[in-house]
Amino acid sequence: MAQYVRGDSVRVEADFWDPTTTAETAVTPSTITISIFDPVGNQIVSEASMTLSGTTGTYYYEYQSTVTSLVGIYNYRCSGVVSSKTGRKKGSFELSKETDV
């Protein structure tokens, strides 16, 4: 799990593949969003748009934490619609106090 210090910018990336083939073919979903939840489960980012990173199928979102952000594990969920199917990626990252890293 990626670790960051409060106040850092956290980059979350997600890759999307064509669900209709067995080959891993990168695709551009019609809708790409991310939601982020803080350590106590509050949704702090709600279905925000993600940005194409320059490579087909790879998207990112920059979450800017603050020096007062809660310390702990943040969970995220990325969603993208491809061929009428919704693909999802779940993950997490940790924010800590500067002295904890």
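Which residue in strand 7 does Ile-32 stand opposite? The legends below take up this question in a predicted model, beginning with the strand pair to which Ile-32 belongs.

**View 1. Strand 3 beside strand 7.** Strand 3 pairs in the antiparallel sense with strand 7, which covers residues 72-82, and 6 bridges join the two. Within this pair, Ile-32 stands opposite Gly-80 of strand 7.

**View 2. The two faces of strand 3.** In a regular strand, side chains alternate between the two faces of the sheet. In strand 3, Ile-32, Ile-34 and Ile-36 point one way, while Thr-33, Ser-35 and Phe-37 point the other way, and all of these residues are buried. Because 6 of the 6 residues of strand 3 (residues 32-37) are buried, this strand is largely enclosed by the rest of the structure.

**View 3. The hairpin of strand 3 and strand 4.** Strand 4 (residues 43-49) also pairs with strand 3 in the antiparallel sense, here over 4 bridges, and Thr-33 stands opposite Ser-49 of strand 4. The two strands form a hairpin with 5 residues between them, and in the turn Gly-41 has a positive phi of about 95°.

**View 4. The open sheet and its edges.** The sheet is open and consists of 5 strands in the order 1-8-7-3-4, with mixed pairing. Its edge strands are strand 1 (2-5) and strand 4, each of which pairs on one side only. On average, and with direction ignored, neighbouring strands of this sheet are turned by 25° against each other.

**View 5. Strand 1 along strand 8.** Strand 1 and strand 8 (residues 85-96) run parallel and are joined by 4 bridges; Gln-3 stands opposite Glu-94 in strand 8.

Note on methods
Residues numbered from 1 in each chain as written. Predicted model: local features only at pLDDT ≥ 70, side-chain atom pairs only at ≥ 80, totals over all residues. Heavy atoms only, no water. Buried < 20%, exposed > 50% of the residue type's maximum accessible area, 1.4 Å probe, protein only. Pairing = 2+ DSSP bridges. Axes fitted to C-alpha atoms, helices over the stretch in contact; angles between N-to-C directions.
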